[in-house]
Amino acid sequence: MFKKILIANRGEIACRVAATAKRMGIQTVAVYSDADAHAKHVAACDEAIHVGGSAPKDSYLRWEAIIEAARAAGAQAIHPGYGFLSENEAFADACAKAGLVFIGPPASAIQAMGLKAESKQLMEKAGVPLVPGYHGSDQNPDLLKREADRIGYPVLIKASAGGGGKGMRAVEKSEDFEAALASCQREAQNSFGDQAVLIEKYVQRPRHIEIQVFGDTQGHCVYLMERDCSVQRRHQKVVEEAPCPIMTPELREQMGQSAIDAAKSVNYRGAGTVEFLLDASGAFYFLEMNTRLQVEHPVTELITGLDLVALQIQVAQGEPLGITQPDVSLNGAAIEVRLYTEDPSQDFLPSSGPVDLWRPAAGVGVRIDAGICSGQEISPFYDPMVAKVIGYGPDRETARLRLIAALKETVLFGTPNNKDFLIQCLEKQSFIDGAATTAFIGE
């Protein structure tokens, strides 16, 4: 059993991990930057260690300093949360070399799934369905254009090494390809230090479905149902729900088994998410695998009754999962939205400044994971997500209405935020009908 773990993150996810660790009787160590000296996650842990300046590169991305902090504090393991170092294979490998357990998958699995092109070649060998495309290493522009013409327009150009919509362009016709390719390559190089791209058939108006998987060191792997993350803005998720409103038991089993096949192909351990595109015909295609805990994991916890962070820690200690696929049951429905300090009236410009008053809602079927408190400052150095608001109920409509009520009752004064925008999304008829696709925002 771990006696102490260091949480290599900040904000709501650091608070979330600390809460489970404490319930398990494990002491926690926070790390913090100059900007986060008085942050909520620092107070949530048993001790805290300063690791550098306000910018992430000077603190939360300094893995040498974080490993040194863990060793100095006497921690046996490091939980990376999500973002920052959570999918950095060099960090996972460095933890092992320092005698620390990385609460996540092995570095080899992170590396295998870290590059989109290589991971899709791996998935093809594992028999996981793929969108028709080109995932090769030859990046000659003439070859890439010939491949795009062969696949047929519209196509999607995607940075192989990246995510979050960076280095991604949809191309409607052949004559626009060269300019779009050059633009994607520049953005990929600037964002990820790698201009390699892949070309795929552009599946229009799909649903974005992800399957939560969990593996242990004994070779067991299960899927914990699905999440529908179709409501997105600029390829960033806005609303996430479980289960998917159009899912059938047969399709769930097919997608779940494909997700397990993907995980087993890299000897996966811990929490991971296999993402798929689901088209109107019911065909689904592998998109990518996120080798970490997801922002939207609370909806899975609510419909399965499982604590995913506790399972992560359990597996990292070498223990078996303790559950088989028949043990995983689905109860009710849950919907999550991401509360950001950003201004929708200014093209969602991130906002920083004081939190004059933070008063989250409470009540039956409401869960709020937050990393802020009244009186603190929202820093310009980090992602503007400050809380996740989740509604849960025996059915989807109850969950939706509880979530809307919770948002209306939640108070965040002092900094512009997207609360009203989130309510509008949840009240839109196509969302009420369970018909939202990735084209939802802007329709």
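**Exercise 1. How close do the axes of helix α7 and helix α8 come, and at roughly what angle do they cross?** Then classify the pair and sort out the contact.

*Solution.* Keep in mind that this is a predicted model.

- Step 1: take the geometry. Helix α7 covers residues 141–151 and helix α8 covers residues 177–192; their axes come within 11 Å and cross at roughly 120°.
- Step 2: classify. Angles of 65 to 115 degrees would count as roughly perpendicular, and angles over 145 as roughly antiparallel. The crossing angle therefore makes α7 oblique to α8.
- Step 3: add the hand. α7 and α8 cross in a right-handed way.
- Step 4: list who touches whom. From α7 you get Pro 141, Leu 144, Lys 145 and Ala 148, and α8 supplies Phe 177, Glu 178, Leu 181 and Gln 185.
- Step 5: sort them. The contact of α7 with α8 splits into 5 nonpolar, 1 polar and 2 charged residues.

**Exercise 2. Do the analysis again for helix α3 and helix α4.**

*Solution.*

- Step 1: α3 spans residues 63–73 and α4 spans residues 89–97; the axes sit 11 Å apart, with a packing angle of about 30°.
- Step 2: the cut-off for roughly parallel is under 35 degrees, so α3 and α4 are roughly parallel to each other.
- Step 3: the crossing of α3 past α4 is right-handed.
- Step 4: Trp 63, Ile 66 and Ile 67 of α3 meet Phe 91, Ala 94 and Cys 95 of α4.
- Step 5: the tally for the contact of α3 with α4 is 6 nonpolar, no polar and no charged.

**Exercise 3. How many aromatic pairs does a search of the whole structure find?** Pick out the one formed by Tyr 60 and Phe 84, and work out what it ties together.

*Solution.*

- Step 1: the search turns up 7 aromatic pairs.
- Step 2: Tyr 60 and Phe 84 are 5.1 Å apart centre to centre, with 15° between the planes, and that pair is stacked.
- Step 3: place the rings. Tyr 60 belongs to the loop between β3 (47–52) and α3, and Phe 84 to the loop between β4 (77–79) and α4, so the pair links parts 24 residues apart in sequence.

**Exercise 4. Which side chains make polar contacts with the side chain of Arg 367?** Add the surroundings too.

*Solution.*

- Step 1: locate Arg 367; strand β20 (residues 366–370) holds it.
- Step 2: one partner is the side chain of Glu 301, at 2.8 Å.
- Step 3: Asp 369 is another, with a side-chain polar contact of 3.0 Å.
- Step 4: leaving out residues up to four places away in sequence, Arg 367 touches Arg 16, His 297, Pro 298, Glu 301, Lys 388, Val 389 and Ile 390.

Key
Residues are numbered from 1 along each chain as its sequence is written. This is a predicted model: local features need pLDDT of at least 70, side-chain atom pairs count only at pLDDT 80 or more; totals for chains, interfaces and linings use all residues. Side-chain values use heavy atoms; hydrogens and water are left out. Axes are lines fitted to C-alpha atoms, for helices over the stretch in contact, and angles run from 0 to 180 degrees between N-to-C directions. Helices (H or I, at least four residues) and strands (E, at least two) are DSSP runs, numbered from the N terminus. A crossing is left-handed if the near helix is turned anticlockwise from the far one by less than a right angle, and right-handed if clockwise. Contact means heavy atoms within 4.5 Å. Ala, Val, Leu, Ile, Met, Phe, Trp, Tyr, Cys and Pro count as nonpolar, Asp, Glu, Lys and Arg as charged, and the others, Gly among them, as polar. A polar contact is a pair of N or O atoms within 3.5 Å; within protein, one must be able to donate a hydrogen and the other to accept it, and residues adjacent in sequence count only if both atoms are side-chain atoms. Rings of Phe, Tyr and Trp (its six-membered ring) pair if their centres lie within 6.5 Å; planes under 30 degrees apart count as stacked, over 60 as edge-to-face and the rest as tilted.
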